[in-house]
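These are my notebook entries on one structure, set down in the order in which I looked things up. The structure comes before the entries.

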Amino acid sequence: MSYLNPTPSIIDLGINIDHVATLRNARGTTYPDPLRAALEAEEAGADAITLHLREDRRHIKDADVEIIRPRLLTRMNLEAAVTSEMIDFACKIKPQDVCLVPERREEITTEGGLDVVKYFVQVQAAVKQLQEQGIRVSLFIDPEADQIQAAAEMGAPVIELHTGRYAEAHIEAEQRSELERIKCAVQEGVTRGLKVNAGHGLHYTNTQAIAAIPDITELNIGHAIVAHAVFVGWKNAVSEMKALMVQARQAHLAK
Ligand SMILES: CC(=O)[C@@H](O)[C@H](O)COP(=O)(O)O
Ligand SMILES: NCC(=O)COP(=O)(O)O
């Protein structure tokens, strides 16, 4: 829900604008402008703007975060690694949401969830520091019961389930089993009183089944929308994704 979309959404869409910046950085130009992408995404129905400030600054830069933060009419969901540099930066910027993610410099994309069981102490300290600044913290984790339990125990109010394995499953049986894993994780999160989001690798033909899961509050989607925008335009790509999510949820609720 936002000033632009005042009716509560049946399911929220956070638009990840990282790869608008990837395209800009490929030529060192000032276009396409991530700020413009964020504002037009809001006009097209986005409920939040997600952006990942990576340690290597391969797409989003510090200045993007600083410029975009005060201009949003919805909310900013800043993805950040659990490092003192990133947590201090987030505390300075004060986005409405920070999603703590794992990061490996050599990876092409975020390969799995943050291991909040293994790094319990470090993640809990970051959650506390961010919460002291009034920032809502989300943990980007694999859809596993022990990860969800640790997230709840350390006091994070939100989790985002990594849907990468589901999105990459090419065999139908494997995709079905990944979907079941996500459904169980959603239930586990809700039972523990958490707001449950999901995302990673979702596109125009695999998002429906995830959006239909009734207790998922928000999906964060980026790469597929930037790619689709090449053919249909940015605002159409955003509104098409939002519409298919809403339709999938409504169809499930009408059953
Ligand atoms: C954490 C996450 O899933 C997204 O932020 C994603 O990582 C963005 O794109 P890249 O992984 O390609 O940087
Ligand atoms: N947290 C997931 C996200 O923001 C979007 O990931 P993707 O759609 O670019 O794979």
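I began with the pairing of strand E1, where Asp12 stands opposite Glu218 in E8. Helices (H or I, at least four residues) and strands (E, at least two) are DSSP runs, numbered from the N terminus, and two strands pair if DSSP finds at least two bridges between them. E1 and E8 run parallel, with 4 bridges between them. I then turned to E2, which E1 also meets in the parallel sense, through 3 bridges, and there I found Ile15 opposite Ile49.

Before going further I noted the basis of the entries: this is a predicted model, in which local features need pLDDT of at least 70 and side-chain atom pairs count only at pLDDT 80 or more, whereas totals for chains, interfaces and linings use all residues. Residues are numbered from 1 along each chain as its sequence is written, chains are lettered from A and ligands numbered from 1 in the order in which they are written, and side-chain values use heavy atoms, with hydrogens and water left out.

Next I looked up the burial of E1, taking buried as under 20% relative accessible area, exposed as over 50% and partly exposed as in between (1.4 Å probe, protein chains only). Strand E1 covers residues 12-16, and 5 of its 5 residues are buried, so the strand is largely enclosed by the rest of the structure. In a regular strand the side chains alternate between the two faces of the sheet. In E1 both faces are covered, with Asp12, Gly14 and Asn16 buried on one side and Leu13 and Ile15 buried on the other.

I followed Ile15 into the nonpolar core, a set of buried Ala, Val, Leu, Ile, Met, Phe, Trp, Tyr and Cys residues joined through side-chain atoms within 4.5 Å. The largest such core has 74 residues, and Ile15, Ile17, Leu100, Leu139, Leu161, Leu219 and Trp234 touch the most other members. Helix H11 (residues 234-254) gives this core its largest share, 7 residues. For contacts I used heavy atoms within 4.5 Å; leaving out residues up to four places away in sequence, Ile15 touches Ala41, Ala46, Ala48, Ile49, Thr50, Ile221, Ile225, Trp234 and Val238.

Which residues does UniProt list as "binding site" in its unreviewed entry? One set is Asp18, His19, Arg54, His59 and Thr109; UniProt positions are given in the numbering used here, feature names are shortened, and annotations may be inferred rather than shown by experiment. These residues span 92 residues in sequence, yet no two of their C-alpha atoms are more than 12.2 Å apart, so they gather at one spot. Asp18, His19, Arg54, His59 and Thr109 also belong to the lining of the largest pocket.

I checked two of this set. Arg54 sits in the loop between strand E2 (48-52) and helix H3 (62-68) and is buried at 3% relative accessible area. His59 is in the loop between E2 and H3 and is buried, with 3% relative accessibility. Leaving out residues up to four places away in sequence, His59 touches residues that include Asp18, His19, Arg54 and Asp64.

A further "binding site" listing in the unreviewed UniProt entry gives Asn16, Arg27, Gly201, Gly222 and His223. These are spread over 208 residues of sequence and also in space, up to 25.0 Å between C-alpha atoms. Gly222 lies in the loop between strand E8 (216-221) and helix H10 (223-232) and is buried at 11% relative accessible area, whereas His223, in helix H10, is exposed at 57%.

My last entries concern empty space, searched on a 1 Å grid over the protein atoms alone: a cavity is a set of points where a 1.4 Å probe fits but cannot get out, a pocket is an open set with protein on both sides within 12 Å along at least five of seven lines, and lining residues have an atom within 4 Å of a point. Grid points are joined across faces, edges and corners, and a volume is the space filled by probe spheres set on the points. The largest pocket holds about 590 Å³. Of its 29 lining residues, His19, Thr109, His200, Gly201 and His223 are the closest to its centre.
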